[in-house]
Amino acid sequence: MIVREEWITPHRRVVVVEDGGRRFYSIDFYMEWRGKAPQGLERVAGVGGKEVWRLPLAGGCEALFLATPAGLEVISLRLSTSVDQDPAGGDAMSAVALCEEGFRRWLGSARS
């Protein structure tokens, strides 16, 4: 297993994990979600009144949401792919650009 982290700003990083022909990017991202939960969320896990939900995005990315009694937050963007077909080509900044663009496109359609 190969694990590396790349800091894209002093307060944001990308953790890249490679194992068994798969590559996974976990991208620091945060946004408070105002209003009701968006359509298309899939529950991942929950404990103690908090739940994690995922939202599939374009390009093989997904956004993770944290639901608490206080509200809903986007807490991470992720990309999971085979090493052979990685649209980011192993580059953390390319994964950030791909997933942030997928989130922006989704956000535009969700708010229109």
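**Figure 1. V74 and the residues around it.** Leaving out residues up to four places away in sequence, V74 touches F29, Y30, M31, A63, L64, F65 and F103. This view, like the others here, comes from a predicted model. V74 itself is part of strand 7, which covers residues 71-82. With a relative accessible area of 0%, V74 is buried, because anything under 20% falls in that class. For a sense of scale, look across to G46: the two C-alpha atoms are 15 Å apart in space, and 28 residues separate V74 from G46 in sequence. If you are clicking through the contacts, F103 is a good one to visit next, as one of the residues that V74 touches.

**Figure 2. The disulfide of C61 and C99.** How many disulfides does a search of the whole structure find? The search finds one, and here it is: C61 and C99 are joined, with 2.1 Å between their sulfur atoms. This pair ties together distant parts of the chain, 38 residues apart, with C61 in strand 6 (residues 61-68) and C99 in helix 1 (residues 92-110). Turn to the S-S bond and you will find an angle of -80 degrees about it, which makes the link of C61 and C99 left-handed. Are the two cysteines buried or exposed? C61 has a relative accessible area of 3% and is buried. C99 is buried too, at 0%. Both cysteines are classed this way because their values lie under the 20% cut-off.

**Figure 3. M1 at the start of the chain.** M1 sits in the segment before strand 1, the strand that takes in residues 2-9. Its relative accessibility is 71%, so M1 counts as exposed, the class for values over 50%. Which residues does M1 touch once those up to four places away in sequence are set aside? They are V17, E18 and D19. A further landmark for this view is R23, which lies 22 residues from M1 along the chain, with 10.0 Å between the C-alpha atoms of the two.

**Figure 4. V83 in the loop ahead of helix 1.** V83 is found in the loop between strand 7 and helix 1. Is V83 buried, partly exposed or exposed? At 29% relative accessibility, V83 counts as partly exposed, because that value is neither under 20% nor over 50%. Apart from neighbours within four places in sequence, V83 is in contact with E18, G21, R22 and R23. G20 makes a handy reference point as well: its C-alpha atom is separated from that of V83 by 9.0 Å, although the two are 63 residues apart along the chain. Readers arriving from the M1 view will recognise E18, a residue that M1 touches and that V83 contacts as well.

**Figure 5. E6 on strand 1.** E6 belongs to strand 1 and is partly exposed, with a relative accessible area of 28%. Which contacts does E6 make, leaving aside its neighbours within four places in sequence? The partners are R12, R13, V14 and A92. D91 is worth locating here too: E6 and D91 are 85 residues apart in sequence, yet their C-alpha atoms are 9.8 Å apart in space.

**Figure 6. Stepping back to the protein chain as a whole.** To place the close-ups in context, note that the secondary structure comes to one helix and seven strands, and that the pattern along the sequence reads β-β-β-β-β-β-β-α. The radius of gyration is 14 Å, close to the 13 Å that the globule rule gives for 112 residues, so the chain is as compact as a globular protein of that length. Its C-alpha trace spans about 40 × 35 × 30 Å along the principal axes. Buried residues make up 36% of the 112 residues. Among contacts with a separation of 6 or more, 41% come from residues 24 or more positions apart. On the outside, the chain exposes about 6,500 Å², of which carbon and sulfur atoms supply 54%. As for charge, there are 14 positive and 15 negative charges, and their mean positions are 6 Å apart.

Terms used
Residues are numbered from 1 along each chain as its sequence is written. This is a predicted model: local features need pLDDT of at least 70, side-chain atom pairs count only at pLDDT 80 or more; totals for chains, interfaces and linings use all residues. Side-chain values use heavy atoms; hydrogens and water are left out. A disulfide is a pair of cysteine sulfur atoms within 2.5 Å. Helices (H or I, at least four residues) and strands (E, at least two) are DSSP runs, numbered from the N terminus. Buried means under 20% relative accessible area, exposed over 50%, partly exposed in between (1.4 Å probe, protein chains only). The radius of gyration is taken over C-alpha atoms; the globule rule is 2.2 Å times the number of residues to the power 0.38. Contact means heavy atoms within 4.5 Å. Accessible areas come from the Shrake-Rupley method with a 1.4 Å probe; for residues, only the protein chains shown count as cover. Lys and Arg count as positive and Asp and Glu as negative; His and the chain ends are not counted. The place of a charge is taken as NZ of Lys, CZ of Arg, CG of Asp or CD of Glu.
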